[in-house]
Amino acid sequence: MNYLTILLIVLLLFSLVELSFAKHKVLCDQLFHIAFAFTAFWVGIKYYIGPDIFSYVPFYETIQPLKDILGGHYKGDFEIGFAIFCSLLKSIGLSFWGMTVVITAIYFAAIYKLFKQLKSYRIFALFILMLLDANLVLYQFRECLAVSFYLLMVLFLFKKKYIASILMFIMAAAVHKSGLFMCIGTFIVYELRFIKIDKQAYIILFMLLILFLIIPLKDFILPIIDQLPLQESVIDSIKHHLLLEKNFQTIFIVYAIAIFSTAYYSNFSKDDAKWHWIIFSCLLIIVILFQYYFILNRLRSYFLPLALVYIINAIITSNNKSVLPKQILVVSILLFSANFYRRYNVELENSISKVNIGHTVFDLKHKSEEQIKQEQMKKADKFWKYEYLNQTQN
């Protein structure tokens, strides 16, 4: 059994217990803290896994001193905010693994703060988050950091702590370019909170999701991108992501039922007005970019935790007591997870590089850091040479 599936199976078992004993609040709360601690620990002990280490490891090991970066002499390839972050951690003696642990701690601190607002089913929400965002917490260090700051920005914004929110905005934008777009978009949408949104808007979303399943939007989006005042490298990156598309994906069923359930159960009360437009806009992004899974999966990481809190709370607090839609939603997620488990293990078995086979820090009992690093770097090199191109073409 591999590293990721161990995490997902443990969370699934905890989730099934939680779903069975949902009325026992004290028990569920205790189980959540155990499951959450295990998840943070399990993600934290990852050690040189994933293809992205091919660029992250040399970047961290050769990072310029902080004074050079702040002095305007930064020469690295990644965003300057991430360079400052790495340089600071390296200056206090942290290894590459130590840097990844710090990112993991920041991310799960933000998730814990957000999930405190969940009224129930927090373990199930954590299971869904790890199921859909495993790449973020395991491999995508810059974006994981940006997502953490983004979530904190939103939470501070909801509490009207605007200075702290702006600070998180700056930090999210500084460590990953996608953070800039998501933060600006969120601030704009937040100002729409006084405009009422209702079930009809979600019904339209549901219909558009089905429509966009057969109508490609790429031909309409690409000309607009060319007119945006962005750097050429950013435009090229967006275009590259939009060229990677699939008309139908199994997660379509989960998206469709989740949107329907939101419309079915939500009360759209004024007390939650700060949530309504942000979540609607997030689901609109899913609808528009559904076919373009590569760019959607990147952007989804920012708002998935928010959507989980909103949708689960809407179901729990709804005046509509019908259980069938939420039961169908839970079953669809469980079926998707089973398919994900099957597909992921087949892909791992057929992988040339085997770069995603998990190593943990405890492997240092049997091998030196240098041995593990060199083995994994060679696997990452194989991935980019022989697997990535095939994945993007398929």
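The crossing of H12 and H15 is left-handed, a term used where the near helix is turned anticlockwise from the far one by less than a right angle. Here the model is predicted, so that local features need pLDDT of at least 70, side-chain atom pairs count only at pLDDT 80 or more, and totals for chains, interfaces and linings use all residues. Residues are numbered from 1 along each chain as its sequence is written, and side-chain values use heavy atoms, without hydrogens and water.

Helices are DSSP runs (H or I, at least four residues), numbered from the N terminus. The axes of H12 (residues 199-211) and H15 (residues 251-265) come within 8 Å and cross at roughly 165°; axes are lines fitted to C-alpha atoms over the stretch in contact, with angles from 0 to 180 degrees between N-to-C directions. H12 is therefore roughly antiparallel to H15 (over 145 degrees). Among the residues in contact (heavy atoms within 4.5 Å) are Tyr 202 and Phe 206 of H12 and Tyr 255 and Phe 260 of H15.

H15 is also one of the elements giving two or more residues to the lining of the second largest pocket. About 770 Å³ of space lies in this pocket, and Phe 124, Ile 312, Ile 315, Leu 329 and Val 330 lie nearest its centre. H17 gives the most to the lining, with 9 residues.

The table sets out residue classes; Ala, Val, Leu, Ile, Met, Phe, Trp, Tyr, Cys and Pro count as nonpolar, Asp, Glu, Lys and Arg as charged, and the others, Gly among them, as polar.

| Site | Nonpolar | Polar | Charged |
|---|---|---|---|
| Contact of H12 with H15 | 13 residues | 1 residue | 1 residue |
| Lining of the second largest pocket | 25 residues | 5 residues | 5 residues |

Methods:
Parallel < 35°, antiparallel > 145°, perpendicular 65-115°, else oblique. 1 Å grid on protein atoms, 1.4 Å probe; cavity = no way out; pocket = protein on both sides within 12 Å on 5 of 7 lines; lining within 4 Å. Points joined across faces, edges and corners; volume = space filled by probe spheres on them.
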